[in-house]
Amino acid sequence: MLLAGAENPALAAHTADPDTVTLVGSLQSELGCPGDWQAECVASTLSSDAGDGVWRGSFDLPAGNWEYKVAIDGDWGENYGAEGEPDGSNIALNLAEPTTVTFVYDPATHEITSDALASVGNLGLARAYWLAEDTIAWDVPADATVTLHHDADANLTLGEDGVGGGQALSLTRDPAGLDADLATRFPHLAALPVFRLDPAALPRVPSLLKGQIALSATDGDGNLLDATALQIPGVLDDLFTFDGELGVSYDDGIPTLRLWAPTARSVTLQLFTDADPATTATALPMTLDPATGVWSITGDATWDRQYYLYEVEVFTRTTGRVEHNRVTDPYSHGLAADSTRSQIVNLDDADLKPDGWETLAKPDLAAPDDIVIDELHVRDFSIGDPTVAEPLRGTFRAFTESGSAGMKHLQALNEAGLTHIHLLPTNDCASVPERRAQQQLPEGDLAQFPADSEVQQERVAAVADRDGFNWCYDPFHYTVPEGGYATDPDDVTRIREFREMVKALNDANLNLVMDVVYNHTPAAGQAQKSVLDRIVPGYYHRLNADGAVETSSCCSNTASEHAMMEKLMVDSLVTWAKEYKVDGFRFDLMGHHMKEHLLRARDTLHALTPGADGVDGERIYLYGEGWNFGEVADNARGVNATQLNMAGTGIGTFNDRIRDAIRGGGAFEDAAGIVEHQGFINGLFYDPNEVNSGSPDERDALLLAADQLRVGLAGNLADYPFVDRNGDRVTGSEVDYNGSPSGYTADPQEAINYAAAHDNETLFDINQFKAPRATSMADRVRMQNMGNSLIALGQGIPFFHAGQDLLRSKSLDRNSYNSGDWFNVLDFSYRDNGWGRGLPPEEDNADKWAVMAPLLADPALKPQRRSILAAARHLREVLRIRKSSPLFRLPTAAAIEEHLSFLNTGPSQTPGLIVMRLSDPEGAVDPTVQEQVVLFNANDQAVEFDVAEFRGQRFRLHPILAGSADPQVREATFTAATGTFSVPGRTTAVFRLPAAGRR
């Protein structure tokens, strides 16, 4: 989701003088907003009328337990929580009775306060932790008397005298603290005081967990010191971890439904004969297994393909009440349109399988290092393609149109060397109306407006939440295909059509990677689109010290360190692998998961066999975003799945080091920085733009970028040795990247090398910002080609953004997740690259509009078809070169150290030139060649490079380049007498010394 930044992605700039400040939280629906956690809702905005710069707002709130923070300028990009922290924790507010509360936000400190009366303790907060059946941790004085209060009817109260109502159990402090196992599982709690229940009370624990529970701490005189509710994931894992089947399973045609809900007081199945909202349900009580917390019911054959909801009677801490929640199944395999009901469906039914499904042959894949990935969005692929039948555009089935322009494009890339299609999330998401007839379109013909107009984005934004487009990083149900990509979102159509897509891609010799988003849900608490939290409140999500849901991911963070969240993730992955034959998984914000859970997922998937499971799990490749930020940063909640931590696992992580060296700057740049910070391919030092000068500092920055690129070209290996810009022999991990090591992998398959992805500006767009304004379109194409060459010809896994070979533009949009089809256009006729479609949406781009407008208005910056075709041909050529020799796909760190080295290093190197040497004198890897030399000349001028060792040798330009569609690369030469390579400006040249060529 956030292909962004280094180890700690920067937050948006702090706004000292905001246009609007919105009170956001679980209380917004009480204030007239259509829902909770809505940054754009005007009903809960504060005002700054006092002239002191401080924002205030008074609101009438009912009794209850609420959470809140503030969002700036109607957008989640900048928000503040507890103690004024950017993207900070939610703030709890506990009201015993209806109250008028005034909220105050100070832009100078970003702190949010309220005038709600302070008291000792707060049962709306959960600052204590029930970690095991007999173990509770809470930060209170050592000599405090701690009592556990419980009430099945949720009538606990908090007054000056302490907690009232219900019953009480005394706890005993354990001076030994947490045992080693619990301290390992909960490292952020390891130092807290520990209290234990009397063994005689332990049989009552399961029933206590079904009601309201709280702790009080008093001093020796009985005075209340503190009171709080408890966080319960630890004790639920201790008592109720379940490893059996959940959701719907079939036995000889008879379905059984199972739901894990150990804190529920009752669960009733609401069974519907169809998806019609007017159809009434048959209510059927489910049966609890008290040992596992699983509720179940077995039906009969007539239930097949009927619809259902669960009605869960459960105490919910955030409301302080027992709720009756009608909710879909988190293990759903089928859904009604817009996810209103789950469907009972057997994925093994013959009519859900396309012809040839059972005997589907997978494309050959000798090793992970042979993988080349293209990242694509289902709707982008075909929604505007007139060669696809109109009813199939924007759907899974568009991939079955083998004669379409899009499929022909993918086939051409595959013939060149592309192996995997990575699809942005394709599981059920919360943000898209699934019925085509209900999807709205922007008003009028947007093409009529100028290239720098604001009108296009205004009209796109007006329907942004009601059109058919979204990246879908808001997972509603993890294990059902998205209905908006099916020709019929009701019934089982989406299941068959997803499989048809998989088969069509496999038949085209392409593997399918799913982008999976297990790190968060679109909602929590009692929100309409909350599923998990309305079944087992307070369990599935990661909570802060007050018991509020963490939101550092953007949304409600899940907690894979909780056993049943991990199980949900792994079970879902296995279903996609077995039932849909998915070939790989890309984990959104993977660093928000724990390393051990990714390893368990890997091992579980790799254990699948063709005989037992119908798939070869060993060929399933895993990779993800290893960013290190939020509440899990630096292993705070356990060893998390970050870039550095995943070394040695075989699981790939996105390499932002090579990305930033290629592009310049980073993922979060302001209007000045995005121009100033040039990169290796777009002019840093050697071709300074209008705000740069070619200074010594710029030269130093270019040489550092070149070292970072050398590490990236060597698979980003931590231990790869080479001579750096200072003339020192260093390893990859010793090259600096913003205070972190550049090299961090132990194996090349762990490096996902990329220059662009769905997040942030496209490669073409970033070059538009950074290149000198007078740069010709021909040279801009060559910049793009240089970036693509660096990705395609390096060790590791090359990763390309769809259209990166077509100069794809999003009209400078840095975050097009909700920017509609207009700004996400992908044109396989090669006539329109997407540039100049108006100023991009204000929400994420307004701060750069002043820089963008003159660029968009310049007709010279709009590429014509010939330029798009030149870029397309170039990527195919370099992929063919990669495919032509295993020396470009070395499988181990040892092989890379043995066969790959760099020339033109040290302080006297030619800036802007990287010379990579692939040596195989004995033919151990590639018997057809002794040497291959790749020269990446980013300079705007030709360079000559002498290698005395190569004098008299018979190097020849690679035959693919000798016949290249690019006349400039055909001018690259090698002079044997002097050992001199000559390479034109902005050109990548590959030379070969054939096996019989050494004299």
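Which element gives the largest share of the lining of the largest cavity? Hold that thought for a moment. A reminder before we start: this is a predicted model.

Cavities first. The structure holds nine of them at 30 Å³ or more. The largest cavity has a volume of about 170 Å³. Its lining counts 17 residues. Phe-186, His-188, Gln-231, His-562 and Arg-637 lie nearest the centre of that cavity. Two elements give two or more residues to this lining: strand S8, 122-132, and helix H3, 233-240. Back to the opening question. The largest share comes from S8, with three residues. By class, the lining of the largest cavity splits into eight nonpolar, five polar and four charged residues.

Now the pockets. I'll take the second largest one. Its volume is about 1,200 Å³. Fifty residues would be a lot to read out, so look at the centre: of the 50 lining residues, Lys-567, Val-570, Asp-571, Ser-572 and Val-574 lie nearest to it. Which elements give two or more residues to this lining? Helix H1 at 180-185, strand S17 at 247-251, helix H8 at 563-579 and helix H9 at 595-606. H8 gives the most, with ten residues. And the chemistry of the second largest pocket? The lining has 20 charged residues, alongside 15 polar and 15 nonpolar.

To recap. For the largest cavity, remember S8 and its three residues. For the second largest pocket, remember H8 and its ten.

Terms used
Residues numbered from 1 in each chain as written. Predicted model: local features only at pLDDT ≥ 70, side-chain atom pairs only at ≥ 80, totals over all residues. Heavy atoms only, no water. 1 Å grid on protein atoms, 1.4 Å probe; cavity = no way out; pocket = protein on both sides within 12 Å on 5 of 7 lines; lining within 4 Å. Points joined across faces, edges and corners; volume = space filled by probe spheres on them. Helix = DSSP H or I, 4+ residues; strand = E, 2+ residues; numbered from the N terminus. Nonpolar A, V, L, I, M, F, W, Y, C, P; charged D, E, K, R; others polar.
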